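Biologist: I am new to this structure and would love a close look at a single part of it. Please start with the wider setting, and then take me slowly through the part you choose.

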Amino acid sequence: MTKYIDFSSKHDILIANGDGTYSRMDEPYFRSELIAPNTWKVLSSGDYSYLVVGDGVGISIDCGYGAGNIREYLESLCGVPVPYVTNTHDHFDHSANNAYFDMAFLNEKAKEFGAIPYASFAGIDFPRDYPVTIIHDGDFIPLKGRELQAFSIPDHAPSSMMYLDRKERIFFSGDEIMPMGKSLNGGLKSWIENLEKIDKYRDEFDVLYGGGGRLEKKLFDASLNAPVTLGITRENSSRLRLRESQDLLMKTRKDSVAPSTIAECPTPETAQTILMSRRHSGKTSAGLSMLGRALCTI
């Protein structure tokens with residue numbers, strides 16, 4: 001288990017927070033919201049993570065890529081040990097801080113590709129030798145008093161998993177179902193199959209929570225029904241061009257995505273301002289993102 005990942009090489013980067021304040025990239029930043037009994041949505045940097053607590057023990061679903069020991073923060077929230085982590089998929093903004101935990105529950109692909117840094121994090125060592133328990137489609141993560149069932153839903157990433165929490169009737173969906181729409185990586189036929197798999201459990205959840213936050217069940221319904229409304233089946237979907245497939249499932253949008261903004265840098269005039277997002281402060285190799293958060297280098 002790692003106690004500290006050194007972000008000091010990024011000390012001169014300032015991140016504009018949603019409340020108008022600024023933080024240095026090497027300063028821990030955590031905000032949380034209780035979304036259900038013993039369940040928290042957590043923002044550091046990267047996509048949202050989720051703390052799920054059972055009987056005297058907790059697990060982190062994803063862990064972001066921000067500075068600071070997220071495990072210690074989660075334990076301060078719930079007052080019990082949080083030795084476990086699982087990832088909805090391997091992407092760095094979901095897996096960077098896996099090494100803070102005693103055990104990561106991952107599928108084979110997430111184990112292979114997890115915690116590999118984006119180029120904008122050059123100079124920071126993110127350990128990848130943490131203990132792993134391999135899970136498969138349909139397996140249960142044995143969190144005492146709060147079992148989570150894992151479902152393989154590969155599209156956004158080949159490693160993508162969704163987790164059903166029957167106790168609080170939540171489906172943790174990662175980046176597979178998003179309010180801004182859906183771009184298909186695996187094709188429409190496989191995506192229909194993925195949705196049909198989840199639909200079998202629709203009576204066991206009331207809401208989804210993913211990388212972008214809360215998702216109403218009707219968003220899942222809209223995704224499920226879009227191919228049906230347009231007369232698309234698994235049998236004829238393979239004849240559609242990929243671009244058409246993407247367009248069909250880009251119809252449902254919400255206004256939960258922050259507009260792109262460039263914040264004014266509260267530093268010398270020579271400072272460089274870069275378009276960034278609180279949830280995606282270093283996501284691309286060029287250090288740019290589509291969502292609204294600013295970084296300033298001084």
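Modeller: Happy to. Let me begin with one word: two residues are in contact when they have heavy atoms within 4.5 Å of each other. Please also keep in mind that this is a predicted model. Among contacts in the chain between residues at least 6 apart in sequence, 61% join residues at least 24 apart. The chain has 298 residues, and 53% of them are buried. Its secondary structure amounts to seven helices and 17 strands. As for the outside, the accessible surface of the chain is about 13,200 Å², with 51% of it belonging to carbon and sulfur atoms.

The part I would like to show you is strand β14, which spans residues 207-210. Its home is an open sheet of six strands with mixed pairing, in the order β10-β11-β12-β13-β14-β15. At the edges of this sheet are β10 (140-141) and β15, each of which pairs on one side only. In general, the strands of a sheet pair through backbone hydrogen bonds, and they may do this parallel or antiparallel.

Let us look at the neighbours of β14 in turn. With β13 (residues 170-174), β14 runs parallel, and four bridges join the two strands. One place to find this pairing is L208, the bridge partner of F171. To get from β13 to β14, the chain passes through helix α4 (residues 188-199), and this β-α-β crossover is right-handed.

With β15 (residues 213-216), β14 pairs in the antiparallel sense, over four bridges. The link between β14 and β15 is a hairpin, joined through two residues. You can follow the pairing residue by residue: G210 stands opposite G213, and Y209 stands opposite R214.

Now turn to the directions in which the residues of β14 point. V207 and Y209 point one way, L208 and G210 point the other way, and all are buried.

From here, let me add two other places in the chain that are worth a visit. One is N87, in the loop between β7 (84-86) and α2 (92-95). Is N87 buried or exposed? Its relative accessible area is 1%, and a residue counts as buried under 20%, so N87 is buried. A polar atom of the N87 side chain lies 3.3 Å from the backbone oxygen of H94. Leaving aside neighbours within four places in sequence, N87 is in contact with several residues, among them D62, C63, F105, M161 and Y163.

The other place involves aromatic rings. The whole structure holds 17 aromatic pairs. In one of these, the rings of Y65 and F121 have their centres 4.9 Å apart and their planes at 40°, so this pair is tilted. Y65 sits in the loop between β6 (58-61) and α1 (70-78), while F121 sits in the loop between α3 (108-113) and β9 (132-134), so the pair ties together parts that are 56 residues apart in sequence. Both Y65 and F121 are buried. Ring pairs also link Y65 and F121 into a cluster with F7, F92, Y118 and F126.

Technical notes. Residues are numbered from 1 along each chain as its sequence is written. This is a predicted model: local features need pLDDT of at least 70, side-chain atom pairs count only at pLDDT 80 or more; totals for chains, interfaces and linings use all residues. Side-chain values use heavy atoms; hydrogens and water are left out. Buried means under 20% relative accessible area, exposed over 50%, partly exposed in between (1.4 Å probe, protein chains only). A polar contact is a pair of N or O atoms within 3.5 Å; within protein, one must be able to donate a hydrogen and the other to accept it, and residues adjacent in sequence count only if both atoms are side-chain atoms. Accessible areas come from the Shrake-Rupley method with a 1.4 Å probe; for residues, only the protein chains shown count as cover. Two strands pair if DSSP finds at least two bridges between them. A crossover is right-handed if, with the strands pointing away from the viewer, the path from the first strand over the helix to the second runs clockwise. Rings of Phe, Tyr and Trp (its six-membered ring) pair if their centres lie within 6.5 Å; planes under 30 degrees apart count as stacked, over 60 as edge-to-face and the rest as tilted.
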